Each structure stands twice: as structure tokens, then as C-alpha cells.
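Here are a few exercises to work through with the model open on your screen. Try each task before you read its solution.

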Amino acid sequence: MITTNLTRPRGRPRRFDPESAVVTAQKLFQARGYDAVSVADLTQALGINPPSFYAAFGSKAGLYARALCRYTSTEGVPITEILRQGAPLAAALAQVLEEAARRYGADPAAGGCLAIEGTRCSDPEAREAALRLTEGAGIALRDFIATTRPELAECLADYVVTVMTGMSTMARQGHDRDRLLVSARLAGEAIAQTLR
């Protein structure tokens, strides 16, 4: 009698691709949140064992930091592009909020901002990585506002970050893109009124 092992593919084992792993991990973190994803979930999704996982990423927080970097460059709100020199202040801030609404509500299964949601996780190292990104966005907003309205820079930057945080939370709770855009546009109108 001839038997075959159907669970093990023939030939050389597939090579592990760390960049593909970061994409997979980002999707898991975004869909479930950092705290709800275990190392076992990650190793299963990546098709590697725990020693290989730790050798490649150091820790779950290390992989999360890499996922955050990828998210920022591919799916995060392009704040520095929107806040270009010479852009009208009210229009630029409204565009930031509307772009946040579009991106946060793009995927009902993984709504919200990966960085904003990460600022609430229980792991201090992962939380710090997320805070660095969100604080960087706040600084970019404040600096942009300060070029024309320095007296409003801090409070307006805080307001925009607060609205973005609220939209991220609502996206995680199931609000879709259209509903988030209504909130973003109302906030944009409030900013325009403040700047008059």
C-alpha cells in the first residue's frame, strides 16, 4: 500500500517574506485591534513558528511598529501632502478631515486609523509607537496653522486631532464613509467660521 503525506507540500519550503508578513499583520491589527491579536494568531496567519517570528520581528510590538510605518506610507492620511506651503488654511484642514473620513470608513471590517486605535492598546511599547505617529500629525497640523494664524495654532490643531480621533472611534463602531464625511464636513464648516 502506498501512502502520501497530503499536509506537507513537496519540494523546497516556501521562503518567508517579511514585507508580505507586515501586510498580513497590518490587516489583522486593523481588523481586530492590537490587543486582540495574539502572537499565535500572527504565527498562524504568517505560516511561521514562534522562534521564526521572534527572529524576524523581535516582538509583537516590533511587528506592529513596522505595520504602523507601512500603514502611514500607504493608507494613512497624507497630512504633509495636504498641508503644503501656500494651501488655504481652512480648505487644507477641511481636506485633512475629509480624507480621514474617507480612509477610516473605507473598509467596514477594519475601520478607523491603525495609529489612533493603537494609542489605546495595553502594550506600552506598541502604544508608544502609535503615540509617536499621532503626535507627529498634531505637530504638523500646529506648525501649518502657525504659519498664518499662530494665535490659533494649538487649539485648532487639537480640534482637528480630536475630530479625527472621534471619527476613528466611530468607524470602529461601524459608521460608514458617508456618515463620517458628514461629521468631517461639519467640522470643516466650524473651522471656516472660526477663521473668519
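**Exercise 1. Work out how the span of helix α9 (residues 153-172) compares with the expected one, and which face of α9 is buried.**

Step 1. This is a predicted model, so start with the geometry it gives. Helix α9 has 20 residues, and from its first C-alpha to its last it reaches 29 Å. At 1.5 Å a residue you'd expect 28 Å, so the span is close to that.

Step 2. Now pick out the buried positions, using under 20% relative accessible area as the cut-off. In α9 these are Ala153, Leu156, Ala157, Val160, Val163, Met164, Met167, Ser168 and Ala171.

Step 3. Look down the axis: the buried residues of α9 fall within an arc of 140°, so they line one face of the helix. The spacing fits a general rule: an α-helix has 3.6 residues a turn, so residues three or four places apart point the same way.

Step 4. Check the other side of α9, where Glu154 and Thr162 are exposed.

Step 5. Finally, ask what sits over the buried residues of α9. The cover includes α5 (79-82), α6 (89-104), α7 (114-118), α8 (124-146) and α10 (177-195). Just after α9, Gly174 has a positive phi of about 110°.

**Exercise 2. Find the residues with the most contacts inside the largest nonpolar core, and list what Phe29 touches.**

Step 1. The largest nonpolar core has 58 residues, and Phe29, Tyr104 and Met164 have the most contacts inside it. Met164 is also one of the buried residues of α9.

Step 2. Leave out residues up to four places away in sequence, and Phe29 touches Tyr34, Val37, Leu42, Lys60, Leu63, Tyr64, Ala67 and Leu114.

**Exercise 3. Gln30 and Ala56: is each one buried, partly exposed or exposed?**

Step 1. Gln30 lies in helix α1 (residues 18-32). Its relative accessible area is 10%, so Gln30 is buried. Beyond four places in sequence, its contacts are Tyr71, Glu75, Ala110, Gly112, Leu114 and Arg172.

Step 2. Ala56 belongs to helix α3 (residues 50-57). At 32% relative accessibility, Ala56 is partly exposed. With neighbours within four places set aside, it contacts Phe16 and Arg66.

**Exercise 4. Decide where the model has low pLDDT.**

Step 1. The protein averages a pLDDT of 91, and 93% of the residues score at least 70.

Step 2. Over residues 1-13, pLDDT stays under 50, and the model has zero contacts for them beyond four places in sequence. Where pLDDT is low, the predicted coordinates should not be read in detail.

Note on methods:
Residues numbered from 1 in each chain as written. Predicted model: local features only at pLDDT ≥ 70, side-chain atom pairs only at ≥ 80, totals over all residues. Heavy atoms only, no water. pLDDT = per-residue confidence, 0-100. Contact = heavy atoms within 4.5 Å. Helix = DSSP H or I, 4+ residues; strand = E, 2+ residues; numbered from the N terminus. Buried < 20%, exposed > 50% of the residue type's maximum accessible area, 1.4 Å probe, protein only. Core = buried A, V, L, I, M, F, W, Y, C linked by side-chain atoms within 4.5 Å. Arc of directions from axis to C-beta.
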